[in-house]
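Reader: I am new to protein models and would like to learn how to read one. Could you take me through it step by step?

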Amino acid sequence: MSPTYADELVLITDADLNDAEVRNAELLHIARQTVGPEARKVVGGILVKLKGEQTFASILAESGLADRGWATVIYAIHAGEAICIPSPEQA
């Protein structure tokens with residue numbers, strides 16, 4: 001690799017990550033591959049109007065995006081447009 005591209009290269013494999021980090025990376029990969037700009041616009045429009053906490057289910061229902069909605073919300077979380085707060089049962 002050319003030094004004009006990067007100062008160093010670090011190889012990270014799934015062995016360097018815990019199971020949750022690997023699953024999150026897999027979800028994000030799927031989201032990046034399947035979410036189009038129209039779905040991001042729909043979910044983004046819902047997110048900017050939210051006041052307080054909402055469930056994934058309520059956002060998905062309002063979006064009307066069915067399965068694409070789930071990946072779009074994951075994409076929005078990774079992009080910093082939303083945050084995921086674990087439920088008390090998960091904390």
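Reader: What share of the contacts with a separation of 6 or more comes from residues 24 or more positions apart?

Author: A contact here means heavy atoms within 4.5 Å. This is a predicted model, and in it residues 24 or more positions apart account for 51% of the contacts with a separation of 6 or more.

Reader: How many helices and strands are there in the protein?

Author: The protein has four helices and zero strands. Along the sequence that reads as α-α-α-α.

Reader: What is the radius of gyration of the protein, next to that of a compact globule of 91 residues?

Author: The protein has 16 Å, whereas a compact globule of 91 residues would be near 12 Å. You can also look at the C-alpha trace, which spans about 45 × 35 × 25 Å along its principal axes.

Reader: And how much of the protein is buried?

Author: The idea is to look at relative accessible area: under 20% is buried, over 50% is exposed, and partly exposed is in between. Here buried residues make up 22% of the 91 residues. As for the surface, the protein exposes about 7200 Å², with carbon and sulfur atoms supplying 56% of it.

Reader: Let us try one helix. Which residues are buried in α4?

Author: They are G69, A71, T72, V73, I74 and A76. These buried residues pack against α1 (19-34), α2 (37-49) and α3 (56-63). The helix α4 itself has 12 residues and reaches 18 Å from its first C-alpha to its last, close to the 16 Å expected at 1.5 Å a residue. Just after α4, G80 takes a positive phi of about 85°.

Reader: Why does T72 count as buried?

Author: T72 has a relative accessible area of 2%, and the cut-off for buried is under 20%. T72 lies in α4, which covers residues 67-78. Not counting residues up to four places away in sequence, T72 touches V35, A39, R40, V43 and L65.

Reader: Is A82 buried or exposed?

Author: Buried, because its relative accessibility is 18% and the cut-off is under 20%. A82 lies in the segment after α4. Leaving aside neighbours within four places in sequence, A82 is in contact with L47, A76 and I77. Try a distance as well: the C-alpha atoms of A82 and A25 are separated by 17 Å, and the two residues are 57 apart along the chain.

Reader: Which residues touch the most other members in the largest nonpolar core?

Author: Of its 13 residues, those are A31, V35, V43, L47 and I59. The helices α2 and α4 each supply at least two residues of this core. Take I59 as an example: leaving aside its neighbours within four places in sequence, I59 is in contact with I46, L47, L50, Q54 and V73.

Reader: How many aromatic pairs does the count come to?

Author: The count comes to one aromatic pair. The rings of F56 and W70 have their centres 4.6 Å apart and their planes at 50°, so the pair is tilted. The pair links distant parts of the chain, with F56 in helix α3 and W70 in helix α4, 14 residues apart.

Reader: What are the relative accessible areas of F56 and W70?

Author: F56 has 21% and W70 has 40%. F56 is therefore partly exposed, and W70 is partly exposed too.

Conventions
Residues numbered from 1 in each chain as written. Predicted model: local features only at pLDDT ≥ 70, side-chain atom pairs only at ≥ 80, totals over all residues. Heavy atoms only, no water. Buried < 20%, exposed > 50% of the residue type's maximum accessible area, 1.4 Å probe, protein only. Expected span 1.5 Å × (residues − 1). Core = buried A, V, L, I, M, F, W, Y, C linked by side-chain atoms within 4.5 Å. Phe/Tyr/Trp six-rings, centres within 6.5 Å; stacked < 30°, edge-to-face > 60°. Rg over C-alpha atoms; globule rule 2.2 N^0.38 Å. Areas by Shrake-Rupley, 256 points an atom, 1.4 Å probe, with all protein chains shown as cover.
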